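Please walk me through this structure, from its open spaces to its helices and sheets. I would like to follow along with the model on my screen.

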Amino acid sequence: MADLSLEDVKKRFGNTEVIHGVSTDIKDGEFIVIVGPSGCGKSTLLRMVAGLESVSDGEIRIGGVRVNEKEPMDRDIAMVFQNYALYPHMSVRQNMAYGLKIAKKPQAEIDKRVADAARLLQLEEYLDRKPKQLSGGQRQRVAMGRAIVREPSVFLFDEPLSNLDAKLRVQMRLEIKELQSRLGITSLYVTHDQVEAMTMADRMIVMNGGVAEQIGTPLEVYETPQTLFAAQFIGSPAMNILNAELKGGKAKLENGASLTCKSKLEIEAKIGLRPEHLTLNPKGKIELMPLLAEPLGANTLIHGKLKNSSIPLTASVPGVYELEEKSDAIGFSIDPNNLHFFDAESGHRIS
Amino acid sequence: MEKRVTFRGWGLPLLLVFPQILISGVFFFYPAAQAIWQSLFIPDPFGLSAQFVGLGNFEFLFSDRFYRSSFITTAVFSTLVTLVSMVPALFLAVLADRLIKGAGTYRTMLIWPYAVAPAVAGVLWLFMFNTRVGVVSWYLAQLAYDWNHVLNDGEAMGLVVVASAWGRISYNFLFFFAALQSVPKSVIEAAAIDGARFWKRFFTIVLPLLSPTTFFLLVVNIVYSFFETFGVIHTITAGGPQQATTILVYKVFSDGFVGQDLGSSAAQSVVLLVVVGALTVIQFKYVEKRVHY
Ligand SMILES: Nc1ncnc2c1ncn2[C@@H]1O[C@H](COP(=O)(O)OP(=O)(O)OP(=O)(O)O)[C@@H](O)[C@H]1O
Ligand SMILES: [Mg+2]
């Protein structure tokens with residue numbers, strides 16, 4: 001068990017820099033999720049920690065020791081791959097024991113650790129099967145088992161659930177999280193699924209284009225997104241972003257409507273409104289021309305445009321909501337505390 | 001899902017397979033039948049008549065010291081050719097697999113020897129090792145080693161083995177290289193994280209994953225060394241010295257066409273037919289069981 005710190009870590013492939021300097025300190029036992037869109041450099045960052053990619057610049061420390069130059073095997077880490085990367089010619093038991101055998105652990109200890117892991121992951125009846133005789137979820141567990149028998153200081157996961165179906169994904173998500181908190185092993189978990197990130201993370205790193213846009217707990221990122229990107233990437237459905245002119249405690253929208261806000265700034269800005277913070281109010285200033293209602297059971301998403309404009313707007317209302325045949329604008333209001341302001345140019349949060 | 005084409009009636013399907021049946025018939029079944037037939041007779045020296053001897057040719061064959069030793073020669077020869085053509089090929093493929101730049105050039109250059117016909121390769125090697133004018137034998141003489149494959153059994157065997165295996169290295173290399181490239185990178189990385197260093201990974205992960213390819217090449221190379229090395233042996237040693245490099249196929253030729261003992265030659269062909277049949281059966285049985293990990 002150990003803490004993990006990244007200090008201005010950069011990665012270049014030839015002349016193209018794909019990670020532009022990521023810094024963070026991860027405490028012992030923390031579960032950190034790296035989340036971001038495809039191609040933003042999540043896997044690359046994780047693979048640098050694993051030692052599968054060299055570090056172009058900066059420093060990675062595990063348990064306070066610089067590991068930049070260390071081989072993967074000397075870093076005391078274990079990794080779960082997206083395609084599981086099980087050894088196809090070995091049984092489940094041999095897959096899990098492989099690392100321990102190489103470390104020349106006594107046979108009795110190997111047997112015990114494999115048996116413990118198998119019990120923990122409910123793999124006991126499959127120990128003598130080959131990977132190809134297992135279902136996706138079982139293979140996933142074997143990959144987990146191979147990681148935990150080695151009792152590493154740090155777990156690394158690269159989208160371990162993305163090959164599973166939706167239901168199994170939810171189940172495995174809980175299992176992994178529960179297992180991790182039981183074992184208390186520092187973990188770095190890569191995903192592009194923001195729901196996975198929100199539900200699993202102690203803290204998350206929101207990445208975009210090789211930059212860590214925000215590092216914080218899921219609630220922090222949700223409640224106070226530091227950049228436009230983080231604001232739109234986290235939360236489902238995504239936050240609505242509108243242009244506004246701030247003046248005298250009012251935010252004037254593009255269609256002329258003006259909202260009360262607490263800011264005393266007098267600038268052009270982007271304001272963000274989460275769909276779930278819009279409340280139905282016939283006298284509300286935010287008028288939505290509905291195009292489509294998506295009933296999700298517990299709530300209904302209403303997609304449309306801001307009245308007298310072509311700006312898309314989505315609202316989420318509780319329960320079932322049916323659009324009228326020839327529907328007029330629907331009025332919404334929002335609590336000024338729930339408004340987010342971002343600099344129109346840099347996209348950074350304005351408080 | 002199995003794809004099946006169904007025909008109505010027999011006319012068209014028979015027409016379609018007819019060319020293949022014709023070719024097999026003319027070039028395989030007819031000569032094979034003829035060989036089996038001839039193996040039961042001893043023709044007179046002028047080829048005008050033949051006397052039926054039943055299995056006499058076979059009895060004579062297996063009591064022939066030279067024929068039995070030819071079996072051993074063949075076993076030694078094909079084992080060596082298979083090893084010498086596969087092990088370096090695998091080694092080169094592993095090196096090429098690690099290359100990031102220039103793997104293409106390297107690969108192309110390694111394929112060239114395959115394009116050289118066996119007899120030509122034989123002549124090339126013969127020139128290099130010619131006891132009087134060969135480059136290599138001259139250098140060996142400088143090192144005070146007296147190379148003479150014309151007289152020395154072991155040297156003759158070594159030379160035909162190397163000359164036969166040389167061109168096959170390219171062929172085997174291609175298969176090994178393709179197989180190595182298809183080993184998933186993440187599996188290798190997982191093993192690296194598990195603590196296995198390069199050669200450990202090679203022997204515990206890569207080699208087992210290559211086993212289908214290795215087995216395939218094993219059979220193909222054994223068959224090659226049995227039947228397709230005639231040209232090399234004919235040009236380099238002509239089976240000598242003292243029949244030290246006379247493998248079964250070469251003996252069929254030398255007894256039949258040189259020695260004019262057609263009955264014995266035919267009986268030897270039949271024995272070879274049985275050997276090939278056995279090899280094929282073993283291959284199919286083994287392939288079905290073992291090769292899917
Ligand atoms: N070996 C490489 N050589 C050159 N560029 C690379 C290499 N590996 C990755 N890249 C580039 O680095 C960037 C980040 O890739 P990375 O695989 O880390 O993305 P990711 O966030 O994991 O995406 P995904 O969610 O699709 O897995 C991409 O633009 C990719 O093209
Ligand atoms: Mg990735």
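How much space lies in the largest pocket? In this predicted model, the answer is about 1000 Å³. To find the spot on your screen, look for B:Arg98, B:Lys185, B:Ile188, B:Glu189 and B:Arg201, which lie nearest the centre of the pocket among its 25 lining residues. Four elements of chain B each give two or more residues to this lining: α3 (65–98), α7 (153–181), α8 (185–193) and α9 (198–209). As for chemical character, the lining of the largest pocket holds 12 nonpolar, four polar and nine charged residues.

Next comes the second largest pocket, with a volume of about 360 Å³. It has 14 lining residues, and those closest to its centre are B:Phe28, B:Phe227, B:Ser269, B:Leu272 and B:Leu273. Here the elements of chain B that contribute two or more residues are α1 (11–38), α12 (248–258) and α13 (262–290). The largest share belongs to α13(B), with six residues. What classes of residue make up this lining? There are 12 nonpolar and two polar residues, and no charged ones.

Enclosed space is a separate matter. The count comes to one cavity of 30 Å³ or more, and the volume of the largest cavity is about 70 Å³. Its lining draws on both chains: A:Ala78, A:Met79, A:Phe81, A:Arg146, A:Ala147 and A:Arg150 line it from chain A, and B:Ala190, B:Ile193 and B:Asp194 from chain B. At least two lining residues each come from β6 (77–80) and α4 (136–148) of chain A and from α8 of chain B. By class, the cavity lining has six nonpolar, no polar and three charged residues. You have met α8 of chain B before, since that helix also gives two or more residues to the lining of the largest pocket.

Let us stay with chain B and turn to how its helices pack. The axes of α3(B) and α7(B) come within 6 Å and cross at roughly 40 degrees. The two helices α3(B) and α7(B) are therefore oblique to each other. Their crossing is right-handed, and their contact is made up of 22 nonpolar, five polar and two charged residues. A second partner of α3(B) is helix α10 (residues 211–227) of chain B; the axes of this pair are 9 Å apart and the packing angle is about 135 degrees. That angle makes α3(B) oblique to α10(B). Here too, α3(B) passes α10(B) in a right-handed crossing.

Now move over to chain A and its sheets. Strands of a sheet pair through backbone hydrogen bonds, in either the parallel or the antiparallel sense. One open sheet of chain A has six strands in the order β6-β7-β8-β3-β9-β10, with mixed pairing. At its edges are β6 and β10 (211–216) of chain A, each of which pairs on one side only. Direction ignored, neighbouring strands of this sheet are turned by 15 degrees against each other on average. At one edge, β6(A) runs parallel to strand β7 (residues 154–158) of chain A and is joined to that strand by four bridges. To locate this pairing, look for A:Val80, whose bridge partner in β7(A) is A:Phe157. The strand β6 of chain A is also one of the elements that line the largest cavity.

Another open sheet of chain A consists of five strands in the order β15-β19-β16-β17-β18, paired antiparallel. Its edge strands are β15 (279–280) and β18 (312–318) of chain A. Within this sheet, β16 (residues 286–295) and β17 (residues 299–306) of chain A pair in the antiparallel sense over seven bridges, and A:Pro295 stands opposite A:Thr300 in β17(A).

The tour ends with some further strand pairings in chain A. Strand β1 (residues 4–13) of chain A runs antiparallel to strand β4 (residues 57–62) of chain A, with five bridges joining them. In β4(A), A:Ser5 has A:Arg61 as its bridge partner. A:Arg61 also has a bridge partner in β5(A), namely A:Arg66. That second pairing joins β4(A) to strand β5 (residues 65–66) of chain A, antiparallel and over two bridges. Which residue takes a positive phi in the hairpin of β4(A) and β5(A)? With two residues between the strands, it is A:Gly63, at a phi near 55 degrees.

Technical notes: Residues numbered from 1 in each chain as written. Chains lettered and ligands numbered in written order. Predicted model: local features only at pLDDT ≥ 70, side-chain atom pairs only at ≥ 80, totals over all residues. Heavy atoms only, no water. 1 Å grid on protein atoms, 1.4 Å probe; cavity = no way out; pocket = protein on both sides within 12 Å on 5 of 7 lines; lining within 4 Å. Points joined across faces, edges and corners; volume = space filled by probe spheres on them. Nonpolar A, V, L, I, M, F, W, Y, C, P; charged D, E, K, R; others polar. Pairing = 2+ DSSP bridges. Axes fitted to C-alpha atoms, helices over the stretch in contact; angles between N-to-C directions. Parallel < 35°, antiparallel > 145°, perpendicular 65-115°, else oblique. Left-handed = near helix turned anticlockwise from the far one by under 90°.
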